[in-house]
Amino acid sequence: MNGTTVSTADEYMPMAKEAGAISCVATVDHKRIGILYLVTTFFFFLVGGVEALVMRLQLAVPRNHLVGPGVFNQLFTMHGTTMIFLVVMPALIGFANYFVPLMIGARDMAFPRLNAMSYWLLLFGGLLLHFSVLAGGAPAAGWFSYTPLSESAYSSTQGPDYWILALLVMGVGTVAGAINMIVTILTLRAPGMTMRLVPLFVWMVFINSILIVLAMPALNASIVMLLIDRQLEAHFFTALQGGAPILWQHFFWTFGHPEVYIMVLPAFGMISEVVPVFSRKPIFGYGFVAGSTVAIALLSFGVWAHHMFAVGLGRASDLFFAASSMAIAVPTGIKIFNWVFTMWGGSIRFTTSLMFAVAFILQFVVGGLSGITFAVAPIDWQMTDTYYVVAHFHYVLFGGTLFAMMAGLYYWFPKMSGRILSEKIGKAQFWLMVIGFNGTFMVQHFLGIMGMPRRAFTYPDLPGWGALNMISTVGAFILGFSVLLLGCNIVWSLRRGTQAGDNPWNAWTLEWATSSPPPEENFERVPEIHGRRPLWDLAHPETARAPVKTDFCPEKNKTSMIVFIVSEGFFFLMLIFAYIYYNYTQKPGPDAASSLDARKTLLFTCSLLASSFTIWRSETAFKRRRHKPMVLWLIATIVLGAIFIIGQGSEYWGLLQRGITIRTNLFATTFFTLTGFHGLHVCIGLMLLTIVLVLMLLGDFKNFRPRALQIIGLYWHFVDAVWIVVFSIIYLKLLL
Amino acid sequence: MTTQQFLLSAWGWNPVVIGVCVAAVATYGFRYRRQNGYFLAAIVLFYLTLASPVGALANGYLFSAHMLQHLLLLLVVPALALLGLPELKKDSGVRVPPLAGWLGGLSAMWIWHERTLCNAATTTTSVRVIQIISLIALGLMFWWPVIGPQTERRLPPLLGVVYLFSSCVGCTILGILITFAPVGVVCPVYLHPVDRLGILPLLRENWGFTPAFDQQAGGLMMWVPACGIYISGVIALLARWYRAGETSVAAPEPEPVFPPPRTTRGNA
């Protein structure tokens, strides 16, 4: 697909111009990175799809022995992990990468090089995950890696370690991408495009990126703890030493439930672009669709325990989470009406894109309704870990998100390639996909109700089970064939497809105001923004409203650092929570009172707090354009920070001398993890400050233009603030 | 005692509470011409929180009832009272910095659930009075930057969303800790209530409020419905934002307020 984009002459990577063949590796253009994302996810989609087909073959008949239980466990683990982290999330990010800058009339993302980094972290994270197959076996503990199964006592291969490392690598990339997206949308909108006028896809991606920034740290923190358990023999989730395996479930679903919305909100955005264009009407209730998305995103952090009804959290928990889970269905459910009422009375053009969108609406309703049944705790107890669950989330993620992505692909492919995907092949693919998808998963509802457990490699020959499973397997192969047909359609249309022109669908958002594919710089001239449909307003100036002033446009470097700090804050929140949770009752072995010297710690704490003051003085000197005090205060900051690190090092040394290590007990595990990660952040801060200092001494700050000092100053204040919290939780009560 | 007898008999007629309520309503009635129902609702709710059976249960019997009272006094009563106030000019009245409001709202939750304070507020009347006053005052402080009467000084809507959501995170964490703490760690006084009204068997057996269930329900109340209150605030802010947006876009501006569009947009 790359051949169709304009050859690059990139301002960020001038070498890309000469390199030719290497240019698609060196590119920092958001459009080419978007396509890289989509091609990569399509490849992993095929990998995950083949894994699914092997599972379906194994389950086609009762008591089958095509693959054994061990391989089957690896298959479903890899299938789930691949589809979630390497297909659905990055494909949505890929679409966002390509279209968000175009839709807001920007030249590129806010940080093009960071954008490229996000992509490459994804690719290598994916390769790392699959490398586990060569390193003694893929992970086999399910995509949520429940402890204690994923602890080294029960998973002795390196599979879970690769799973953790791959997810960490991808997690860092995803958070970086989300920060980039937030800053892009906040700071690079075309003049006059207020946050209330952005296309719904952009709005959804914005909210989605906020969700990623808040939710991914929860995953990162939990898998870091699991990694410490596995590699350093710590006790976060090992019951034998007092750890709580249930805590893993809480931590995982703190991330896992928002993740469900991370995988579906951008799809809502695509549907909200496709449905109005092919119904020739503006979206019904823009404010509701946009506002309720915020509510859904925030509520999604408060309902995770409904994944754990079967754990036995207690009657009170079940009651509250049943209620809140039903509540979150309301704003989602009303969106269905928004889309239907958008179509109502419109002059509908049933293109392949709209057909996929309509199928999305219907199938998402099925998935949503089966989801609500799970909110009723007793039904959940009956249905959990059966094929009913499998059917439910495939209706949401495949019947929902993937169909929406198909709608988006058929809608936007002309913009990306300059050619329209064949409608004839497209409709054939649509019907095959609908039949294949529903054939595969509809029957699984019944299998689940009949009690067939998921994640079991085979099943007994009970009445009806064999037939229903065979239907499901046949459906899966039809589905696989439809995906091949999509590949053929893409290949054929890239060569022979109808030329698209700038705006083949007569759509109205900004991406259609430029050529297809867009030039390197995206726009020659961004049209004036009067409302939510700039191209419509351009064609109908008599109904266009007066333009408004851009509402809110913060500085991009500072914004990105603030968003990053929020994300880091959530990471520390998890570690702090683990410390409090494991230390509010007395446990055998060393604890804070018996092993820590709070007065000594207070000394180097003062040093760290003083460094916040000195860096503020340095910033003030920077603002007043006085070079010498700026340098001196910065040196003082570095010295004070170093004193803190030395103090912490001597504290660690003292503990280790007395035989207290991370594996001693839960206090030591949580103490070393929390303070260690803080120390790591101080070290990173010191490195950054030293780089700034060197740049200052080299004369880079002569004109007082670079903003690095202020940005890193923010980070430094954050590190200090975290320490104040850590100190008051661990040490303060020892002083009183 | 049966449930019905309890619900009918457990009403408090504390003259001080009644006096405060009457005084508040009277002051409001005399002071402001333009009135709405919100302020009256706030006072009625305030009275119900303290004097209804919920108040009786919170007074030493049930931690969950205490939590309900805590949330109503901190989050609902002050919000309704502020909504009842007429709009103020920018320069008149007090100014609450958002950070102070945020910290005030959150610290009220965290500090009053420290073990000694939580116990003292249940057993000692003077501490209890301080608690009630501080909850109302801190609640007013918390809501002031978001829905305070100085409309021009309110936080911009999107920052208001951040303000409310971050508070929701703060109270969620406390709620989770209370829910999963060992029974009686948070507020031990509710473990073995002095049965003044003779309703303990009713609560423990008929209603099923064992100490474990009671503490869990209390923690969950702070975790789930409390966030519901914040999220309702978020929804209200967004609704107001979108409504305001539509009118301001529709109103024709006297002259173009921004330079003509640039041809390309730099991003360095």
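In this predicted model, chain B has 268 residues, and 37% of them are buried. Chain B holds 12 helices and 0 strands. Read along the sequence, its pattern is therefore α-α-α-α-α-α-α-α-α-α-α-α, with a helix being a DSSP run of at least four residues. Contacts in chain B reach far along the sequence. Take those with a separation of 6 or more: 83% of them join residues 24 or more positions apart.

Now look at where the two chains meet. Here 40 residues of chain A are in contact with 37 residues of chain B. On the chain A side, three helices each supply at least two residues: H10 (286-299), H11 (315-343) and H18. H10(A) gives the most, with 6 residues. By class, this side of chain A has 19 nonpolar, 11 polar and 10 charged residues.

Just before H10 in chain A comes a loop. It links helix H9 (265-279) to H10, and Phe284(A) is found there. Is Phe284(A) buried or exposed? Phe284(A) has 20 other C-beta atoms within 10 Å, so it is buried. Set aside its neighbours within four places in sequence. Phe284(A) is then in contact with Asn338(A), Phe341(A) and Thr342(A). Gln249(A) is another matter. It lies 35 residues from Phe284(A) along the chain, and the C-alpha atoms of the two are separated by 39 Å.

H18 of chain A, residues 556-583, also packs with helix H22 of chain A, residues 666-697. The angle between H18(A) and H22(A) is about 160°, and their axes are 9 Å apart. Angles over 145 degrees count as roughly antiparallel, so H18(A) and H22(A) are roughly antiparallel to each other. H18(A) passes H22(A) in a left-handed crossing. Which residues of H18(A) meet H22(A)? They are Leu575(A), Ile576(A), Ala578(A), Tyr579(A), Tyr582(A) and Asn583(A). From H22(A) come Leu666(A), Phe667(A), Thr670(A), Thr673(A), Leu674(A) and Phe677(A). The residues of this contact divide into 9 nonpolar, 3 polar and no charged.

Last comes the nonpolar core. In soluble globular proteins, nonpolar side chains tend to be buried together. The largest nonpolar core here has 297 residues. Those that touch the most other members are Ile104(A), Ile182(A), Ile271(A), Ala407(A) and Val234(B). Follow one of them, Ile104(A). Not counting residues up to four places away in sequence, Ile104(A) touches Ile185(A), Leu188(A), Arg189(A), Ala190(A), Met193(A), Val198(A), Val202(A) and Leu510(A).

How values were computed:
Residues numbered from 1 in each chain as written. Chains lettered and ligands numbered in written order. Predicted model: local features only at pLDDT ≥ 70, side-chain atom pairs only at ≥ 80, totals over all residues. Axes fitted to C-alpha atoms, helices over the stretch in contact; angles between N-to-C directions. Parallel < 35°, antiparallel > 145°, perpendicular 65-115°, else oblique. Left-handed = near helix turned anticlockwise from the far one by under 90°. Contact = placed C-beta atoms within 7 Å. Nonpolar A, V, L, I, M, F, W, Y, C, P; charged D, E, K, R; others polar. Buried ≥ 20, exposed ≤ 12 C-beta atoms within 10 Å, placed from the backbone. Core = buried A, V, L, I, M, F, W, Y, C linked by C-beta atoms within 7 Å.
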